[in-house]
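Student: Please take a close look at a single part of this protein. I would like one connected account of how helices pack there, with some context from the rest of the chain.

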Amino acid sequence: MSKLNMLFLLLRFITLFSILLLIINPKFDNTTFYKEKPNLILAVDNSSSIKHLKQDRNVLGLLKTIKDNEELNTKFDISTYTFGNTLKATDSITFSEQETNIDNVFNQLAQVYKNETAPMLLITDGNQTYGNDYQYTASNYKHPIYPIILGDTVTHTDLSIQQLNVNKYAFLKNQFPVECIVVYNGNKAVNSRFEVRSGKNLVYSESVSFSKNNNSKLINFTLPANRVGVDTYKATITPISNEKNTINNSKAFAVEVIDQKTNIAIVSDFPHPDIGALKKSIESNEQHSVTILKPNSFLVQKNDFQSVILYQPNNTFKSLIESLKTDNKGVFIIIGTDTDLRFLNLNATYFSQEITNQTDDVQAELNKSYGPFLIQDINFESFPPLKSNFGDVSFSVPFETILYQKIESKPTTKPLLSTFEVTGKREAVLFGEGIWQWRAQSFIENKSFVAFDNFINKIIQYLSTNKPKKRLTIDYESFYNGNNGITIKAEFFDKNYNFDNREGLEITVKDSLSNTKQTFPFILRDNMYQVDLSSLKPSEYSFVVNATNENISQSGRFKILEYNVEQQFLNANVTKLQQVATNSLGKYYFIVQNQSLITDLIQDNRYQTIQKSHKNTIPLIDWKYLLFLIVLSLTIEWFLRKYNGLI
């Protein structure tokens, strides 16, 4: 055999061997070992109540002591979180947040450390201002909790306004009720005076007495609504001698006085749960009043109403519908399985629905380009389906759709809820019954009816006004409490009244007392422009919202009331924090017991470093290298054969 043939044999062997090796793909197991330390979670209360109780320096000193301790760092992986209204993974502690949500700490960290060992040091005064009761939700966190109690545990003599209840709106020339709960904490009998002032004017006063057994008083009174606009008041209970915390002795409140009330009629020939749900939703706005009537009864008193809801009309509505054609009232028609479609198609002027004598279950999908007014997505797609008549809908006038139908989770262009306007008269049509289920589902998701009720009231407000469309619409409140987030929302539409997300909006806010101005940009979020003004101080403000690319603007006014809920506490909530520690198999400590805390954590045998292994099966040779070797050997063999004239 020549040397050349021997070389060909070697190259062919390498090729075939590599191919076989690639097909067989031999593997071996690679096991690696590593150590996993338990986590130590530092959850620090970053609310302003810590600074108010003069515990901020103690907290910073405790954190430094824990982080500088070598034994703790050897035994634990230490992570720091701060919480106020939200939970944040950060070492930046300012004690400036205006709300405390301890419930959120347990819910979120329970998910993060679900499969790990993670005892928690809860450094807080235990006073929660927002969220569910953390004493019970702490059970979601399946690890020991060690509350570090901040604040004075000694009971001091104190008078405070615990709660003040007042309606948001009042009507001109009426009296509006106010309810105030005043609480006394002490052993001796004391006398004080409760006063309410509007500016410098005293509008109400009452002498009050308290003792150890008679330690609370409910004060009810009424105030007059004499002028249109926002009226601000300040309720005060005169401090007693040697009272340590006087901030909680006063509380500001405001009422918006309006000069008219919108009356809405719901007309139906039979009872249905939808009617009750609509009444509850509409009357959640104190500017609205709802009356439920039969068709014939409505004709007698129709002039008393600005809008009317026709629930599943039938032939008993004939005279009523004829009468409404000549009125300028807003009309909301709800069509369901008991609606007489033949009658409605003959008598409704602007739309009709195909009659098939079949029904269908339809869900809702929000039209994010709806233009006439601002609609916020309240998770319509999760709502139960409505019962609707199967058949196409046709309109004889231009219309806009708020909600489209989804049939078997498939989107369609069929309208479920639409609005239209003809010669200044506005109407809305809902092609489905069972909207009471939406209100119930909204409560389940949000623990409140507010989101759904606002949605219904925006439809009512649209029907009750004849103002022309605006390309820039602003959604804001007349007044805000100082401790709540202040968010102003806006929508901008192009000339065809389609939502335009390309525009830049900014708001210029002017303090009416100091005449200072600040400008903030809007942020596009969830197909809506939003701006957070929580940094503003309590005062009266006027504002102008401008579109940067077009000469369009809107203006308004609002007030921020002076109130900080975090400054209402005098003591730490020791009882709740002790219960949290007991239920979680942890232990509570006061801030001065930091050495005992560190010693107990180091000596606790429940927290040990665990050695774990990771088994990884890998191929003997990477297929990329084998493929390269095959290509290389075949290439060399081909060139050699070509060079020697064998091909």
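Tutor: What follows looks at one helix pair, then at a sheet and a hairpin.

The model is a predicted one. The protein has 15 helices and 36 strands. Its radius of gyration is 35 Å, well over the 26 Å that the globule rule gives for 647 residues, so the protein is more spread out than a compact globule. The C-alpha trace spans about 120 × 80 × 50 Å along the principal axes.

Now the helix pair. Two packed helices are described by the angle between their axes and the distance between the axes. For helix H1 (residues 3-24) and helix H15 (residues 623-643), the packing angle is about 155° and the axes lie 9 Å apart. An angle over 145 degrees counts as roughly antiparallel, and H1 and H15 are therefore roughly antiparallel to each other. The crossing in which H1 passes H15 is left-handed. On the H1 side, the contact is made by Leu 7, Phe 8, Leu 11, Arg 12, Ile 14, Thr 15, Ser 18, Ile 19, Leu 21 and Leu 22. H15 contributes Trp 623, Leu 626, Leu 629, Ile 630, Ser 633, Leu 634, Ile 636, Glu 637, Leu 640 and Arg 641. Sorted by class, the contact of H1 with H15 has 14 nonpolar, three polar and three charged residues.

Helices also pack on a sheet. This open sheet has six strands in the order E4-E3-E2-E5-E6-E35, with mixed pairing. Its edge strands, strand E4 (87-88) and strand E35 (589-590), each pair on one side only. Within the sheet, strand E5 (residues 120-124) and strand E6 (residues 145-149) are paired in the parallel sense over five bridges, and Leu 121 stands opposite Tyr 146 in E6. Helix H3 (residues 56-68) lies across strand E2 (39-45), strand E3 (77-83), E5 and E6, and runs at about 170° to E2. Helix H5 (residues 102-112) packs on the sheet as well, touching E2, E3, E4, E5 and E6. The direction of H5 makes about 160° with that of E5.

A hairpin gives an antiparallel case. Strand E10 (residues 190-198) and strand E11 (residues 201-210) pair in the antiparallel sense over nine bridges. Ser 198 stands opposite Asn 201 in E11. Two residues lie between the strands of this hairpin, and Gly 199 takes a positive phi near 70°.

Notes:
Residues are numbered from 1 along each chain as its sequence is written. This is a predicted model: local features need pLDDT of at least 70, side-chain atom pairs count only at pLDDT 80 or more; totals for chains, interfaces and linings use all residues. Side-chain values use heavy atoms; hydrogens and water are left out. Two strands pair if DSSP finds at least two bridges between them. Helices (H or I, at least four residues) and strands (E, at least two) are DSSP runs, numbered from the N terminus. Axes are lines fitted to C-alpha atoms, for helices over the stretch in contact, and angles run from 0 to 180 degrees between N-to-C directions. Angles under 35 degrees count as roughly parallel, over 145 as roughly antiparallel, 65 to 115 as roughly perpendicular and the rest as oblique. A crossing is left-handed if the near helix is turned anticlockwise from the far one by less than a right angle, and right-handed if clockwise. Contact means heavy atoms within 4.5 Å. Ala, Val, Leu, Ile, Met, Phe, Trp, Tyr, Cys and Pro count as nonpolar, Asp, Glu, Lys and Arg as charged, and the others, Gly among them, as polar. The radius of gyration is taken over C-alpha atoms; the globule rule is 2.2 Å times the number of residues to the power 0.38.
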